[in-house]
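Me: Please take a close look at the largest pocket, and then lead me outward from there through the other local features that deserve a careful reading. I would like the reasoning spelled out wherever a residue is called buried or partly exposed.

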Amino acid sequence: MAIVAETTKFSKFAWPILAWGVALIFFFPIFWMVLTSFKTDADAVKPEFLLWFTPTLENYANMTDNYDYWRFATNSIITSVSATLLTLIVGVPCAYAMAFDPSRGTKDILMWMLSTKMLPAAAVLYPMIFLAKGLGIYDTHFLVIMVLCLINLPIVIWMLFTYFKDIPKDIIEAGKMDGLNTWGEVREILIPLAWGGIASTALLAFIFCWNEAYWTVRLTTIDAATLSKLIEGNRAPEGLFFGRLSAVSTAAVGPIVILGWFCQKQLVQGLTFGAVK
C-alpha cells in the first residue's frame with residue numbers, strides 16, 4: 001500500500017511537470033522568433049546579443065512601409081476564408097451521402113481520397129503551372145482558392161464523415177417521415193447535431209489554408225501573393241535577414257496562434273466528438 005501511495009504521489013507531480021516541459025519545448029521556437037523580431041539584422045546574428053539587446057520596432061516598421069504587409073495579409077484572409085467555405089460547401093454533402101447513404105464502394109472512395117495526400121506535390125507542380133498559365137489564371141485568387149480547396153478536401157470529408165457516422169440514422173429517417181427533403185435534413189437535423197464537429201473541421205481547414213506555403217509561393221507572384229510569399233521574399237544571395245524574417249513570420253503566424261488559443265476548447269471538443277476517438 002505504501003508503494004502504491006508513493007507511486008500515486010509521484011505521478012501526481014511528475015505528469016504535470018512532464019506536460020509543462022513538453023509544452024515549453026514546443027513553445028520555445030515561437031518565443032525565439034518573437035524575440036528575434038525585435039533585434040536588428042546585425043544583432044540577430046551576434047552571440048553577445050543573444051538575450052540582452054536593445055529592442056527595436058525597425059523590422060515591423062520596415063515590414064509595413066516597404067513590404068506592403070497588409071496587401072499580403074488581405075490576400076491570405078481572402079484565399080483562406082474562401083477556400084475553407086468552398087471546402088465545407090463541397091465536403092458536407094459528400095460526407096452526408098457517404099455516412100447515410102453508403103454504397104459498396106464508399107470505403108474504397110474514402111481510401112482513394114486519403115491516398116491523394118500521399119502524392120508528392122513536386123510531381124504535379126509544373127503541370128499545374130503550365131495549365132494555370134495556359135488558362136490565364138496564374139497568380140489569381142481563384143487558382144489559389146481552388147488548389148487549397150482540393151488539398152484540404154480529403155481530410156475535411158474524412159473528418160465530417162466520422163462526425164456524421166456518430167449521429168443515429170433513425171433521426172434522419174424520422175426527418176424523412178416528417179416530409180423533409182435532403183436539404184431539409186442537412187439544414188434542420190445534421191448541421192445542428194454536428195455543429196461542433198463542423199466548426200472544428202472548419203477551423204482546422206482554415207489553419208491548413210493559412211499555413212500552406214508550397215503552393216501559394218509557387219503559384220503566385222504579386223497579385224494573389226499571400227504571407228507565405230512575403231516570408232519567402234526575405235532572403236537574398238547575401239543570406240537571410242533574420243530580424244526582418246522573424247518580424248514577418250511573427251506577423252504571419254500571430255493571428256492563427258491567437259485564433260487557435262481562443263478556439264482551443266471548441267477545437268478539442270470537436271476532435272474528440274468523432275474524428276480521433
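Reply: A residue is called buried when its relative accessible area is under 20%, exposed when that area is over 50%, and partly exposed in between. L259 therefore counts as partly exposed, because its relative accessibility is 29%. Please keep in mind throughout that this is a predicted model.

The pocket you asked about, the largest one, holds about 420 Å³ of space. Its lining is made of 16 residues, and those that lie nearest its centre are T116, L119, V147, L150 and I151. Three elements each give two or more residues to this lining, namely α4 (106–115), α5 (121–135) and α6 (141–165), and of these α6 gives the most, with six residues. In character the lining is mainly nonpolar, for 14 of its residues fall in that class, while one is polar and one is charged.

Two of the elements named for the pocket, α5 and α6, are joined by a loop, and D139 has its place there. This residue has a phi near 60°, which is a positive value in a residue other than glycine. D139 is also buried, because its relative accessible area of 7% is under the 20% limit.

Turning from the pocket to the surface, one finds a nonpolar patch of about 500 Å², made by F27, F28, I30, F31, V34 and V257. Helix α1, which runs over residues 2–37, gives the most to this patch, with five residues, and I30 is found in that helix. At 34% relative accessibility I30 counts as partly exposed, and because a patch takes residues with over 30% relative accessible area, I30 passes that requirement too.

As for charged pairs, a search of the whole structure finds one salt bridge. Side chains of opposite charge can pair when their charged atoms come close. Here R71 is the partner of D68, with 3.0 Å between the closest N and O atoms, a distance that lies within the 4 Å cut-off for a salt bridge. Both partners are partly exposed, since R71 has a relative accessibility of 29% and D68 has a relative accessible area of 36%.

Three further pairs show how parts of the chain that are apart in sequence are placed in space. T226 sits in the loop between α10 (214–218) and α11 (227–232), and it counts as buried because its relative accessibility is 4%. The C-alpha atom of T226 is separated by 9.9 Å from that of W70, although the two residues are 156 residues apart along the chain.

A213 has its place in the loop between α9 (195–211) and α10, and a relative accessible area of 36% makes this residue partly exposed. Its C-alpha atom is 7.5 Å from that of K229, with the two residues 16 residues apart along the chain.

Finally, L259, the residue with which this answer began, is found in helix α12, which covers residues 242–262. Its C-alpha atom and that of I207, 52 residues apart along the chain, are separated by 9.2 Å.

Terms used. Residues are numbered from 1 along each chain as its sequence is written. This is a predicted model: local features need pLDDT of at least 70, side-chain atom pairs count only at pLDDT 80 or more; totals for chains, interfaces and linings use all residues. Side-chain values use heavy atoms; hydrogens and water are left out. On a 1 Å grid over the protein atoms alone, a cavity is a set of points where a 1.4 Å probe fits but cannot get out, and a pocket is an open set with protein on both sides within 12 Å along at least five of seven lines; lining residues have an atom within 4 Å of a point. Grid points are joined across faces, edges and corners, and a volume is the space filled by probe spheres set on the points. Helices (H or I, at least four residues) and strands (E, at least two) are DSSP runs, numbered from the N terminus. Ala, Val, Leu, Ile, Met, Phe, Trp, Tyr, Cys and Pro count as nonpolar, Asp, Glu, Lys and Arg as charged, and the others, Gly among them, as polar. Patches are made of residues with over 30% relative accessible area and no salt bridge: like charges are joined within 9 Å, nonpolar side chains (Val, Leu, Ile, Met, Phe, Trp, Tyr) within 5 Å. Accessible areas come from the Shrake-Rupley method with a 1.4 Å probe; for residues, only the protein chains shown count as cover. A salt bridge is a side-chain nitrogen of Lys or Arg within 4 Å of a carboxyl oxygen of Asp or Glu. Buried means under 20% relative accessible area, exposed over 50%, partly exposed in between (1.4 Å probe, protein chains only).
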